[in-house]
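Student: I want to test the labels put on a protein model. Can we take them one at a time and ask what earns each one?

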Amino acid sequence: MIKDLLTGLDAKNELVEWRCRATESLIDSFKESDWKRIFSDISDIHRLEKLLSYDCGQCYVAYNLKTSVPFAFIYAYIEDEKSLKVSLHGGGWISGNTLLNYNAYILLIDAMLEKGIKVRTACQLDNDIAMRFNRSIGFIKYYSSKNYHYLWISKERLHKSKIYKRINKKEAAENPIKE
């Protein structure tokens with residue numbers, strides 16, 4: 001059931017479209033050291049192609065709709081089928097457009113939360129950039145281990161974040177929340 005929800009996800013706006021990974025090769029998009037930060041338990045990055053094709057999740061690629069160029073990926077690993085929990089792992093390879101990266105990440109997370117999927121992620125303890133990025137959109141820490149912070153997010157926290165409000169300013173003006 002969750003695999004169907006992930007496969008049928010519609011995450012697109014005027015700037016970004018997330019597509020289920022088809023034939024895109026992601027291996028050359030990052031240096032080996034970056035891959036090991038994204039997937040710390042992978043000793044051989046060349047095995048990633050196989051991992052990203054496994055049936056234990058869904059791999060998405062974000063496309064910039066103005067240029068038709070892919071710029072990021074997210075692998076949604078299914079943690080628990082019954083409770084609809086996924087853990088997100090990924091990153092972007094085109095730097096310089098932080099707002100586009102935020103827009104893409106928020107778009108995909110919002111689409112998952114709308115479908116009732118519980119979204120979590122993890123950051124290495126020394127990865128301050130990923131931690132700040134995730135916390136800025138509303139992720140909160142629920143556990144820390146020797147090497148990782150584990151985070152989760154709710155739709156309410158996502159929608160209350162300043163960056164979500166900034167990105168969705170036009171939509172919020174057209175559809176104000178009635179209290």
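Tutor: What follows sets computed values against the cut-offs behind each label.

Tutor: One caution at the start: this is a predicted model.

Student: How many salt bridges does a search of the whole structure find?

Tutor: The search finds 3 salt bridges.

Student: What makes arginine 120 and glutamate 79 a salt bridge?

Tutor: The cut-off is 4 Å from a side-chain nitrogen of Lys or Arg to a carboxyl oxygen of Asp or Glu. Arginine 120 and glutamate 79 have an N to O distance of 2.2 Å. That value is within 4 Å, so the pair qualifies. Arginine 120 sits in strand β5 (residues 118-124) and glutamate 79 in strand β3 (residues 69-80), so the pair links distant parts of the chain, 41 residues apart.

Student: Why is arginine 120 called buried?

Tutor: Buried means under 20% relative accessible area. Arginine 120 has 19%, so it counts as buried. Its partner, glutamate 79, has 32% and counts as partly exposed.

Student: What makes lysine 155 and glutamate 114 a salt bridge?

Tutor: The same test applies. Their N to O distance is 2.9 Å. Since the limit is 4 Å, the pair is a salt bridge. This pair also links distant parts of the chain: lysine 155 is in helix α6 (residues 155-160), and glutamate 114 is in helix α4 (residues 98-114). Lysine 155 has a relative accessible area of 30%, which makes it partly exposed.

Student: How do you know that arginine 19 and glutamate 17 form a salt bridge?

Tutor: Their closest N and O atoms are 3.3 Å apart. The rule asks for a distance within 4 Å, so the pair passes. Arginine 19 is partly exposed, at 34%.

Student: How do you know that cysteine 20 is in no disulfide?

Tutor: A disulfide needs two cysteine sulfur atoms within 2.5 Å. For cysteine 20, the nearest cysteine sulfur belongs to cysteine 59 and is 9.0 Å away. The distance fails the 2.5 Å test, so cysteine 20 is in no disulfide. The count by this rule is 0 disulfides.

Student: Is cysteine 20 buried, partly exposed or exposed?

Tutor: Cysteine 20 is partly exposed, because its relative accessibility is 28% and the class lies between 20% and 50%. Cysteine 56 is partly exposed too, with 26%.

Student: Which residues have the most contacts inside the largest nonpolar core?

Tutor: They are Trp18, Val86, Ile109, Met112 and Ile137. This core has 39 residues. Helix α4 gives the most to it, with 11 residues.

Student: Why is isoleucine 109 called buried?

Tutor: Isoleucine 109 has a relative accessible area of 0%, which is under 20%, so the label holds. Isoleucine 109 lies in helix α4. Leaving aside neighbours within four places in sequence, its contacts are Leu88, Val119, Ile137, Phe139, Ile153 and Leu158. The C-alpha atoms of isoleucine 109 and serine 154 are 9.5 Å apart, although 45 residues separate them along the chain.

Student: How do you know that phenylalanine 73 is buried?

Tutor: Its relative accessibility is 0%, so phenylalanine 73 meets the under 20% rule. Phenylalanine 73 lies in strand β3. Its C-alpha atom is 5.8 Å from that of glycine 91, 18 residues away along the chain.

Student: Which residues make the nonpolar surface patch?

Tutor: Ile140, Tyr142, Tyr143 and Trp152 make a patch of about 390 Å². Strand β6 (residues 140-144) gives the most to the patch, with 3 residues.

Student: What makes tyrosine 143 accessible enough for a patch?

Tutor: Patch residues need over 30% relative accessible area. Tyrosine 143 has 47%, so it clears that cut-off. By the burial classes, tyrosine 143 is partly exposed. Tyrosine 143 lies in strand β6.

Student: Which loop holds serine 68, and why is serine 68 called exposed?

Tutor: Serine 68 is in the loop between β2 (57-64) and β3. Its relative accessible area is 55%, over the 50% limit, so serine 68 is exposed. Serine 68 has a positive phi of about 65 degrees although it is not a glycine.

Student: Is leucine 84 buried or exposed?

Tutor: Leucine 84 is buried, because 15% is under 20%. Leucine 84 is found in the loop between β3 and β4 (85-92). Leucine 84 also has a positive phi, about 55 degrees, and is not a glycine.

Note on methods. Residues numbered from 1 in each chain as written. Predicted model: local features only at pLDDT ≥ 70, side-chain atom pairs only at ≥ 80, totals over all residues. Heavy atoms only, no water. Buried < 20%, exposed > 50% of the residue type's maximum accessible area, 1.4 Å probe, protein only. Helix = DSSP H or I, 4+ residues; strand = E, 2+ residues; numbered from the N terminus. Core = buried A, V, L, I, M, F, W, Y, C linked by side-chain atoms within 4.5 Å. Contact = heavy atoms within 4.5 Å. Patch = residues over 30% accessible without salt bridge, like charges linked within 9 Å, V, L, I, M, F, W, Y side chains within 5 Å. Areas by Shrake-Rupley, 256 points an atom, 1.4 Å probe, with all protein chains shown as cover.
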